[in-house]
Amino acid sequence: MIKQALFVLALCLQSSWVVAAVDWFKDENGKTKWQHLANFSSGTLIIILSITAIYLLIYSRRAHKANRELTIIKNELEQRVEERTAALKDSNNKLIESNHLLESEVDQHVITANQLRSSESYIKDILTSMPLMLVGLDKEGRVTQWNRRVEELSGVAAEKALGKTLWEAYPTMTVVPEHIQQAIEQNKIIHLKQSLRSLSHYDITIYPLNGPEPGVVILVDDVSKETTAENLLIHNDKMSFMGELASSMAHDINIPLQAILMDLKRFKNIMADNPLTLEQGGNDKMALLESIHSDMSDKGDQVSKIIHNLLTFARNRHSEKQMADIVDVMEHTVNLGKEVITVSDGLMFKQVKLEWQVEKGLPQVPCYITELQQVFLSLFRHACIALQKKAGMENFEPTIKIILSESYDNMWIKIQHNGIGLTSEEQMNLFEPFFSTTQQADSFDTGEHLSFSYYIITEQHQGHMAVTSDPAVGSTFHMQIPITR
């Protein structure tokens, strides 16, 4: 636009100058001086052309600068286009990759959904066919799960039970609402037992659920057969223990009774050989009869004390433990053993040397006193049998050592003897019911039985019992009883 304005201005100037020049270059006569006019016009034209050339030069430079700027802008635009193209290409590749991943994820979700449906169906089949009664309840006690076993025992179909409270669906259920609330609020497992007329036995377990919807799962296991078998085993064990105790008592009674019978036979033989009266028999016969009478009286007293001990054991048993001084219990048992323990070959417990090692200040122990006395009597009897086997050796003095001490909140009781010890096989089988070192019925010695003693220490007193022995040195019985209840 500037260019056009300059061009118009130049034309105007040129026209004005031409008109003025024509008037100016006339002589006095009015004739035009064409030579001067031509020179002036050419000079003017040269000036105008020079100005135009300068303008064109300036415009050319501006145009060149503008072209450079346009080139730079073009290059920047091309670079931006390339960058945008590359970005779009990368985005397109990522989108394609994302589509592939999405397709793969969708396929995986389809597989997972199928597996979940399969697992759900599988779990449902397990819950339905499992032999335990399974009932699911929400926090209000409404039934959410009711398997086939519950249907069989309750006679209520799952369709009728679902949505109802447990006690509406199954009124005879032992579980009460308080059990459900306790399991949910305290978040702990609750175990219950139910017995119906001692014929049917059930173990009931309530498991709390910690999901978004609180609730419980109740498992009811019919353990009637297991309980019956367990009770039978316990009964058999008790009968074995009682049989062992009875056989031990019978063994103790049999020894003095056999002696009494032997004295009676001797008296009968004396009377058969000489039917005279005692006055006619002389002093020797009188002394013999007095000896037989005295021996029979002692043996009779021994039998009476053994029976009294058995009756005391049967009558004085308590259902709860009593606090007792273990030293007093041991001393009482030692005195009782001196009266009732006699082995078949004649060694009596009162003939055995006793050594005591008692720690001072021993605390009282919660225990069943009469049961502990029978344990100590059995160990003393077992020791006397082992001592009798060694009685014929030279310079042998039968000895039993009693050690009582406290350690780590337990009462430690040790009974040692220096008789014939036990072999490794005998030590392994010593605490089994009716264990014997011989297979012959006539030589079966009840004094070797210690299963009853082991049961009293380990089961009734929650303690431990063991034996260490060497056939040439003797045996030591170790007992550990907790001091605290």
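**Exercise 1. State which helix holds Leu77 and describe the exposure and surface surroundings of this residue.**

Solution. Leu77 lies in helix H2. The model is a predicted one. The relative accessible area of Leu77 is 47%. Exposed would require over 50% and buried under 20%, so Leu77 is partly exposed. Together with Leu70 and Ile73, Leu77 makes a nonpolar surface patch of about 280 Å².

**Exercise 2. Find how many aromatic pairs the structure has, and classify the pair of Tyr55 and Tyr59.**

Solution. Searching the whole structure gives 3 aromatic pairs. One of them joins Tyr55 and Tyr59, with 6.3 Å centre to centre and 20 degrees between the planes. Planes under 30 degrees apart count as stacked, and the pair of Tyr55 and Tyr59 is stacked. Next, place the two residues: both are in helix H2 (residues 34–129), separated by 4 residues, about one turn of the helix. An α-helix has 3.6 residues a turn, so residues three or four places apart point the same way.

**Exercise 3. Work out which parts of the chain are tied together by the pair of Phe431 and Tyr454, and whether each residue is buried or partly exposed.**

Solution. Begin with the geometry: Phe431 and Tyr454 form a stacked aromatic pair, 4.8 Å centre to centre with 20 degrees between the planes. Phe431 belongs to the loop between helix H11 (424–429) and helix H12 (451–460), while Tyr454 belongs to helix H12, so the pair ties together parts that are 23 residues apart in sequence. For exposure, Phe431 has 18% relative accessibility and therefore counts as buried. Tyr454, at 33%, counts as partly exposed.

**Exercise 4. Decide whether H12 is mostly covered or mostly open, and give the backbone feature of Gln462.**

Solution. Of the 10 residues of H12, 7 are buried, and the helix is mostly covered. The buried residues are Ser451, Phe452, Ser453, Ile456, Ile457, Thr458 and Gln460. Just after H12 comes Gln462, with a positive phi of about 50 degrees.

**Exercise 5. Give the strand order of the open sheet of 5 strands, name the edge strands, and describe how E11 pairs with E12.**

Solution. The order is E7-E9-E10-E12-E11, and the pairing is mixed. Strand E7 (353–358) and strand E11 (464–470) are the edge strands, each pairing on one side only. From one strand to the next, the twist averages 15 degrees. E11 pairs with strand E12 (residues 474–482) in the antiparallel sense, over 7 bridges. Opposite Thr468 stands Thr476 in E12.

Terms used: Residues are numbered from 1 along each chain as its sequence is written. This is a predicted model: local features need pLDDT of at least 70, side-chain atom pairs count only at pLDDT 80 or more; totals for chains, interfaces and linings use all residues. Side-chain values use heavy atoms; hydrogens and water are left out. Rings of Phe, Tyr and Trp (its six-membered ring) pair if their centres lie within 6.5 Å; planes under 30 degrees apart count as stacked, over 60 as edge-to-face and the rest as tilted. Buried means under 20% relative accessible area, exposed over 50%, partly exposed in between (1.4 Å probe, protein chains only). Patches are made of residues with over 30% relative accessible area and no salt bridge: like charges are joined within 9 Å, nonpolar side chains (Val, Leu, Ile, Met, Phe, Trp, Tyr) within 5 Å. Accessible areas come from the Shrake-Rupley method with a 1.4 Å probe; for residues, only the protein chains shown count as cover. A salt bridge is a side-chain nitrogen of Lys or Arg within 4 Å of a carboxyl oxygen of Asp or Glu. Two strands pair if DSSP finds at least two bridges between them. Axes are lines fitted to C-alpha atoms, for helices over the stretch in contact, and angles run from 0 to 180 degrees between N-to-C directions.
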